[in-house]
Every structure is written in structure tokens, then in C-alpha cells.
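Colleague: I am new to this structure and would like a close look at a single part of it. Could you choose one helix and take me through it slowly?

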Amino acid sequence: MRKGYGDWNETVMDFREQVEEKVHEIRYGKDILPEGDLYQAGKLHASTEVMLEVQGQQEKNLYLRGFVGGSYQNGQWEEMSDAAYSGKNAGMFTWLKARSFDPLTQVAAYNQLGEEQDVPEGNQVQVKVKNASRYYVYAPVSYVRMINGSVKEEKDSRLASRGLFGSRSYRWEEISGSRPGELTVADNWVEDPDTDRRQEYQEAEAVYREFVYHTYTTIDSDMQRLMQRIFWDDYETDSDGIYSALNQIRQCLSSETTYTEMMPQIPEGEDPIRWFLTEGKQGNDVYYAAAATEAFRAYGIPARYVEGYYLSADQIQKEESGANTLTGADAHAWVEVYFDGVGWLPLDTTPGYYYDAVSLQQMISAPDQVNKNAVLEDPSFEANQATDTTGSRRNGDALKRVAVRMGAVILGGVTLLIILALVLLGVLEIGRIWDYESMHRKYERVDQKEKIHMMSEKMEKLLEFLGISMSLGWKTDEVDEKIHEKYPGVEAGSYLRICRIMEKSLYGQMELEAYEMRTIDSFMEKLQEIGKETLDRKGRILLRYGYVARIIGKIRRKTGQKRKNKKNDRKELTK
């Protein structure tokens, strides 16, 4: 008989993951983002489809955050596990919320607490999701509130949609300046708060900061040594801090690696980051962001890996319609670094996405002024997001809402049917594995003669699926000829040889040699392979789950026997 199908628990877990992934895809659509899987980095810019349509009021760079990776292992960034928020950190977010402190709106809160003349003007942005995943709510770190849409917060990392099938359109507000994150320096009031609101913010931020440094500086010891050797052994500076550390990382990456969209194949067993920095030395945004995140952590600076979409101020300025279309080419990966007192800010180490030292120096000396989107300076932007004055437009919107609801109901029904089908498939697979293990245990316990008897029954069923009737010792030459004629891959005389071996055991009461048992096993496996290759879908399903028919047959025989016994009992009573 064939050997095992693999570990039972592992099979069930794999199946459950496949079901979850399929349901997730049905609900939210496919995602072109690698979602932290560095082996899939090449898919980042592979699609040319429209992912998002973004319409804002200001001309500034926007890093629209989607996936956020908090821990790294074996080429995969994962979202921070629930364990990081338990233990002594349990209840931390409730405590922070009671003090009006939210890590996901921290940057906006910090900006709002600045001097009145320095507080940036709010920027409302409308996002329409086309072919991007509807699971994420794409918003920057400077997000302050949702104006139109349903959103939930995932701990301290990102926003997600509450809708059953995600959100196709929403509008949020953000508050930030135009300077890149690396030029941020915390205001003096952070160290010496002079109002109650600032004092409350400082106390809450100190608690969250302790959690950040404990959680987001974790790095594997081998990776720590690699990062130290490549980035920090020769690092000397008089002005130590995030800005100078970022420049060091950029310079090392620039001198040691080359940007490419044509991702090379990573050798099996190689860690992608290590391979990128030491051997391949080529990669795209994903590799630059992943390496930079680990480099920051190795230096003791809290950092996390992020994927999403990047919209530059130049793109906004050039778009005449006011609505920017982002495609797969605008998908991006970057680093978020925690600035003490301020919060998480996006930093870029990918060539072509950051300013040179001269440009940054000019920004420092110039006022932080944000230009308004010229196309949207008139009130039409607000009007387009609110209500229309014409009855026909209102009717049209009502019809659209009805159509959306009907579509959601239909899609929900289809999703339910798919889930039920997957559950049924899971039950069949579990039953198949259980049946095989039961038969295998029975096969191992019985003597050789009983083993041959079990094999004979199995061979009869296999040939029946292949359209050939057989019974051991009956018309053997004729059956052998039919098998070879219908399936030339089976050598003429093979069936005859197998029958003689089986008859030798069953009728001749002779002990078979090991090689004879292997010959039978090989023939059975050959029949199974033929079934997989030649049967249609229905036939393959019946072959794979034939145990169901056998179980039903046993139940029917037992039921029939019980009825027969009862009938006999009644006859005895009437005598």
C-alpha cells in the first residue's frame, strides 16, 4: 500500500490557511502588495492596473500606508503579534485612549499642539479603491480623522475597513507640513509642556515610547552582527541622531547595492536581506526598506517595515483634473521610524524617492509652506463630496446605493456558498486522511495473507474506476489484454504476474518474498497514476473520495442486516 499522505495536523492547518486566504480574496480582492514576503518582492510593480484614485486639497508627498510589518523572520515581515500587546502591556491602549492619546493619530495631535501660527492647515483627501485590496484604509501617518467611511484601528500600526467587503471609497483628513520626515525636530514644549493638553500628551507619549523602544528594536542576533558590520562599524558623526543615521544607511546602500525592477532569483535557503546586502546586491523598494528597517533597529532606533502607495507633490501638481490615478507602478515600500515626542514618520532609502543633501539643506532654511492644489481651490471639491442639487443626481445615487446593496447580498450569498463548499471539501479531505490512516493501521496489524486480500479488493476497485471488471482468478488473460489495450503504459503480462503472486499467497498458502510484495505495490501505484492522468474530473473525484461510497455501502449492509434480523425475529414470535 502507499505510504502516508503527510502529517495530519499540518494538512488541516494548510487547508485552513487556504480557506482563509480564499475568503479574504473574495471579500477584499487580490492584493499586488507582497505583504512583507520578500520572496514575492517582484510583484510590487508588476501590475499596470489602476489601484487607487486620490483627490486632495494640498500639494505634498503622501505615503499611503497599507501593510505594516513589526517582526521579521525567514524572509517574511509579519504584523506585530498579539503577544506584544499582552502581559505588562495589556490595557495600555485603553489607558492611552483615556488620556486622548492615539498612536495612529499621534503625529496630527503633535502638529495641532504646536504654536498657533505654526499649526498646518488640514488636508481632506478622497480615496477611491479600484484594484487595490479593499482590506486596508490607505492613509498617511498624519491621519487625524475619517470624514466619510467606516474604519477600525489595528492596534498602533494601521487602519482597516469595517465593511464586509471592504471600502471602495472614503474621505479622511490629515494634518502635516510639506517637509520630509527626516527634517523633523521635536518642539521644545515636548520636553517642557506649558499647558494641560501638552502635559497630558507628554505623559501619555512617554508610556507609549517605552513600549515602542521595547517592541520595535527587536532584531535577530545574526542579523544584528551583519547590520553592525555593513552600516555601523565605520560610522562616526558629531551630530548623532535619526537624520545622520538615515544618511549613513543611504550612503551604505548606495555604495553597496543597485536598484532593479528585474528581481534576481534568491538561492534556496538564503535569507533575502542577507543575500541582498552580501551577494545579490540588487533589489527593489521592498529590499531597500527591509534592509533599512533592520539597520535602524541594529542601531537602537525603533523602526518598522511598511508597504502601500506613494503620491508625490509633483504628481499632484501636474494632474490637471485634480484626481490622481495610482497604478501598480506607484506601489512602494518604505520605513517608519519613531521620532521621540512626535510619533511614527515615513523615511525613504530607495534611490529616486528621497532628496539629496543640498535640497534638504534648502528646505531647512525655507519656511514649511504647503501649496494648495490649484485645481481644487474652488468650492467644487467640497461640493463633489457632499450632496447634489439636482433631483436626477439624487435618484441616480439612490439607485446606485440599491445596486450596491443588491450586489453585496449576491456576493455575500456566493461567498457563503464558496465557504460551505470549502468546508465540505475540508471534511472530505479530513475523512480521506482518517480513512487512509485507519486502513494503513489495519494493514500493518494483519498477517501477509490478509494484506494480499486487502490489496486484491483495492485493485478490483481501481480497475473498476478505469472501466475494467476483474475478479482474482477469473478470465485473467482476458483482463490483462484489456488493461494493456486500454492503457499501453501498463506492460502486457503485468496483471498476469500480479495475479499469480496473489494466488500464490491466497490459494497456495505460501509466504511471499519482499520483492514480490514490492511488485504488487508498484503495480497498484501504477494504476493510481493512470487514474489521475486519464479520468475526467468526476472520475478523479470519485477515485479520490471513493471511501465515502465504501462507508455508505457498509452502513447499508448493516442496516439491511438489522432489518433482516428483525424480520426473522418477528417470524419466530409468530410461530
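Modeller: What follows is a walk along one helix, with a brief look at another helix and a strand afterwards. Please keep in mind throughout that this is a predicted model.

The part I have chosen is helix α4, which runs over residues 196-215 and so has 20 residues. At 1.5 Å a residue the helix should span 28 Å, and since its end C-alpha atoms are 29 Å apart, the expected and the computed values agree.

Within α4, the residues Arg198, Tyr201, Ala204, Glu205, Tyr208, Phe211, Val212 and Thr215 are buried. These residues cover an arc of only 145 degrees around the axis, which means that they sit on the same side of α4. A general point helps in reading such a pattern: an α-helix has 3.6 residues a turn, so residues three or four places apart point the same way. On the other side of α4 one finds Asp196, Glu210 and His214, which are exposed. As for what the buried residues of α4 pack against, the partners are the helices α2 (92-98) and α3 (106-112) together with the strands β15 (331-339) and β16 (343-347).

One residue of this helix, Arg198, deserves a slower look. Its relative accessibility is 6%, and because buried means under 20%, Arg198 counts as buried. A polar atom of the Arg198 side chain lies 2.8 Å from the backbone oxygen of Leu113, and the side chain of Arg198 also makes a polar contact, at 3.3 Å, with the side chain of Glu115. Leaving aside residues up to four places away in sequence, Arg198 touches Leu113, Gly114, Glu115, Trp189 and Pro193.

To set α4 beside another helix, consider α6, whose 15 residues (242-256) should span 21 Å at 1.5 Å a residue, and whose end C-alpha atoms are indeed 21 Å apart. The buried residues of α6 include Ile242, Leu246, Ile249 and Leu253, with Arg250 also among them. Strands β15 and β16 appear again here, for the buried residues of α6 pack against them as well as against α5 (221-232), α7 (272-280), α8 (285-298) and α10 (357-365).

Finally, for a residue in a strand, take Glu53, which is placed in β1 (residues 50-56). At 26% relative accessibility, Glu53 counts as partly exposed. Glu53 and Val127 are 74 residues apart in sequence, while their C-alpha atoms are 5.8 Å apart in space. Not counting residues up to four places away in sequence, Glu53 touches Gln126, Val127, Lys128, Lys130, Asn324 and Thr325.

Key. Residues are numbered from 1 along each chain as its sequence is written. This is a predicted model: local features need pLDDT of at least 70, side-chain atom pairs count only at pLDDT 80 or more; totals for chains, interfaces and linings use all residues. Side-chain values use heavy atoms; hydrogens and water are left out. Helices (H or I, at least four residues) and strands (E, at least two) are DSSP runs, numbered from the N terminus. The expected span of a helix is 1.5 Å times one less than its number of residues. Buried means under 20% relative accessible area, exposed over 50%, partly exposed in between (1.4 Å probe, protein chains only). The arc is that of the directions from the helix axis to the C-beta atoms. Contact means heavy atoms within 4.5 Å. A polar contact is a pair of N or O atoms within 3.5 Å; within protein, one must be able to donate a hydrogen and the other to accept it, and residues adjacent in sequence count only if both atoms are side-chain atoms.
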